[in-house]
Amino acid sequence: MALPCGSRSISKTRCFIAASEASDFARAVDLYTGDFFPGFAGAGAAEFERWVDNERADLRARFVRCAEVVHRELLDSHRTREAVALARRVRATEPLRQHG
């Protein structure tokens with residue numbers, strides 16, 4: 001039984017992951033609000049920092065994959081402004097990555 005995303009028992013990150021796994025790409029894109037644990041740095045926590053960095057990268061990549069699907073759907077339905085806005089959001093999320 002899936003918990004609703006408004007529930008205190010489930011984090012926004014888990015909701016994002018659940019939406020992407022359920023192929024609810026538009027919802028996943030809406031739920032992604034940026035980096036996981038932004039700016040985290042802890043003295044003596046190198047292993048945790050590596051884990052956080054990996055989670056960030058995985059979540060960003062998941063967002064980009066979902067956004068690519070939504071972008072195609074927006075273009076197919078002639079919603080060009082929304083498609084451009086989403087493309088800019090993806091670019092801002094990973095500015096050094098080549099997006100196709």
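**Close-ups of a four-helix chain**

Of the chain's 100 residues, 27% count as buried. Keep in mind for every panel that this is a predicted model.

**View 1. The whole chain is built from helices, with no strands.** Count them off and you get four helices and zero strands. Starting at the N terminus, the order of elements simply reads α-α-α-α. The accessible surface adds up to about 7,100 Å², and carbon and sulfur atoms own 52% of that. As for who touches whom, take the contacts with a separation of 6 or more: 46% of them come from residues 24 or more positions apart.

**View 2. Here α3 packs against α4.** Helix α3 covers residues 46-76 and helix α4 covers residues 80-93. A helix pair like this is summed up by two things, the angle between the axes and the distance between them. For α3 and α4, the angle is about 165° and the axes sit 9 Å apart. With the cut-off for roughly antiparallel set at over 145 degrees, that angle makes α3 roughly antiparallel to α4. The crossing of α3 past α4 is left-handed.

**View 3. Zoom in on the side of α3 that meets α4.** The α3 residues in this contact are Arg60, Phe63, Val64, Ala67, Val70, His71, Leu74 and Leu75. Across from them, α4 brings Glu82, Ala83, Leu86, Ala87, Arg89, Val90 and Thr93. Sort the residues of this contact by type and you find 10 nonpolar, two polar and three charged. Among the nonpolar ones are Phe63 from α3 and Leu86 from α4, while the charged ones include Arg60 from α3 and Glu82 from α4.

Definitions and conventions
Residues are numbered from 1 along each chain as its sequence is written. This is a predicted model: local features need pLDDT of at least 70, side-chain atom pairs count only at pLDDT 80 or more; totals for chains, interfaces and linings use all residues. Side-chain values use heavy atoms; hydrogens and water are left out. Axes are lines fitted to C-alpha atoms, for helices over the stretch in contact, and angles run from 0 to 180 degrees between N-to-C directions. Helices (H or I, at least four residues) and strands (E, at least two) are DSSP runs, numbered from the N terminus. Angles under 35 degrees count as roughly parallel, over 145 as roughly antiparallel, 65 to 115 as roughly perpendicular and the rest as oblique. A crossing is left-handed if the near helix is turned anticlockwise from the far one by less than a right angle, and right-handed if clockwise. Contact means heavy atoms within 4.5 Å. Buried means under 20% relative accessible area, exposed over 50%, partly exposed in between (1.4 Å probe, protein chains only). Accessible areas come from the Shrake-Rupley method with a 1.4 Å probe; for residues, only the protein chains shown count as cover.
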